[in-house]
Amino acid sequence: MGTMEATEDRTVQKDMAFEIMRVLAIFFVIFNHTGNRGYLLFSQREPGSIQFWFYLFASIFCKFSVPLFFMISGALMLGKEEAFAKTVRRIGRFLIIMIGISFMYYLFDVITSGEQASLPEFLKLLYTSSVSTHLRYLYAYVGYLLVLPVLRAAVRSLEEKYYIFLFGLCIVYNGIIPSMEFLAFKGAVHITGEFDIGWLFSRCVFYPLIGYYVNNKMQIEKVKGKMGLLIGTDIVCMGISAVMDYQKMKVMGKYTEMYPFHVSFLALHAVVIFIVIKYWMAHHSIAGKLQKVILSAGASSFGIYLIHVFFLRMAWFGKFVDRLCKIGINGLFSCCVGCAAVFGISWLCIVVVKKVPLLNKLV
């Protein structure tokens, strides 16, 4: 009995690592959609000022959220053996969710804007993933599910050295080459489009593979004593991304969307977050009540992702954050408090939805 209980405790703690990742990731997904009140707050400050650098760093930091979700999925799904029909059913489920939630956002926009609804217009927006920007990740996930059987076949034969090579290649292609290119040519010259291997580092291929590797093949205990180096390297690389963003802003003369520098070293950042949480949970436990809260929030993360933008678009969010700023609370902290409120409201809604037959199978 004692052995069984100990085994169950270890299993729960192992699952808790993923739930903590989900909770952390969904909070920063919300932050990523706050626009000028949070995510783009740096663009409202004097370039080069202390606040500018602080807010820019926060904006870069939050980008790990979506890759982390794909890493979790790869960690949990790529090693499974399941019938192809089950994958097809899973794709069908997500297509239903994608169409349904897109239609809800479309109606929300029609009602709030006073425009007339149009089925052809909705279908066009649905086809081009233009109903709501945040729903594009659903399209990416459907793409991931489509290639899931291929990825499963790949991980059965890939040796460790190939995962390491893939990771290093991503850092060079997404981080080092664009940075060196911009420093040399200030955006006037780009590497030929024929040298296009970016598809290999897409959300639906790279991050599931790396998530599977870190969770199932990498010996996590090997990072003991190296955690400080990992985190330090991550911070330095985020700093490089921030400096490159700043350099691009100076060249452009104004703020523009900062890609690729915002995500230059995103692969490293996401992997470090994954490893730190996994390692920490392998050596620590969480009290029962807090554990239940985290498990509930983690299980609701997908539903929170689907509906949180409804609340961000409502007038109360902006008024709430602005009110906190007016009473002297830092703008970034005010936004984070607002994100926590959106998180809580969305979570409560999903807990209720999970009690509704049929809908509970979707979220």
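This is a short talk on the core, one pocket and two buried residues of the structure above.

The model is predicted, so local features need pLDDT of at least 70 and side-chain atom pairs count only at pLDDT 80 or more, while totals for chains, interfaces and linings use all residues. Residues are numbered from 1 along each chain as its sequence is written, and side-chain values use heavy atoms, with hydrogens and water left out.

I start with the core. A nonpolar core is a set of buried Ala, Val, Leu, Ile, Met, Phe, Trp, Tyr and Cys residues joined through side-chain atoms within 4.5 Å. Buried means under 20% relative accessible area, exposed over 50%, and partly exposed in between, with a 1.4 Å probe and protein chains only. The largest nonpolar core holds 111 residues, and Leu-138, Tyr-144 and Phe-274 touch the most other members. Take Leu-138: beyond its neighbours within four places in sequence, its contacts (heavy atoms within 4.5 Å) include Phe-94, Ile-97 and Phe-302.

Next, the two buried residues. Where is Tyr-207 found? Tyr-207 sits in helix H8, residues 206-216; helices here are DSSP runs of H or I with at least four residues, numbered from the N terminus. Tyr-207 counts as buried because its relative accessibility is 6%. Not counting residues up to four places away in sequence, Tyr-207 touches eight residues by name: Pro-67, Phe-70, Met-71, Phe-201, Ser-202, Leu-266, Ala-267 and Ala-270. A polar atom of the Tyr-207 side chain lies 3.5 Å from the backbone nitrogen of Ala-267. The C-alpha atoms of Tyr-207 and Pro-149 are 15 Å apart, with their positions 58 residues apart along the chain.Ser-241 is in helix H9, residues 227-252. Is Ser-241 buried or exposed? Ser-241 counts as buried, because its relative accessibility is 2%. The side chain of Ser-241 reaches the backbone oxygen of Phe-261 at 3.2 Å. Leaving out residues up to four places away in sequence, Ser-241 touches Ile-60, Phe-261, Ser-264 and Phe-265.

Last, the second largest pocket. On a 1 Å grid over the protein atoms alone, a pocket is an open set of points where a 1.4 Å probe fits, with protein on both sides within 12 Å along at least five of seven lines, and lining residues have an atom within 4 Å of a point. The second largest pocket has about 760 Å³ of space. Among the residues closest to its centre are Arg-22, Phe-94 and Phe-302. Helix H3 gives the most to the lining, with seven residues.

Notes:
Grid points are joined across faces, edges and corners, and a volume is the space filled by probe spheres set on the points. Helices (H or I, at least four residues) and strands (E, at least two) are DSSP runs, numbered from the N terminus. A polar contact is a pair of N or O atoms within 3.5 Å; within protein, one must be able to donate a hydrogen and the other to accept it, and residues adjacent in sequence count only if both atoms are side-chain atoms.
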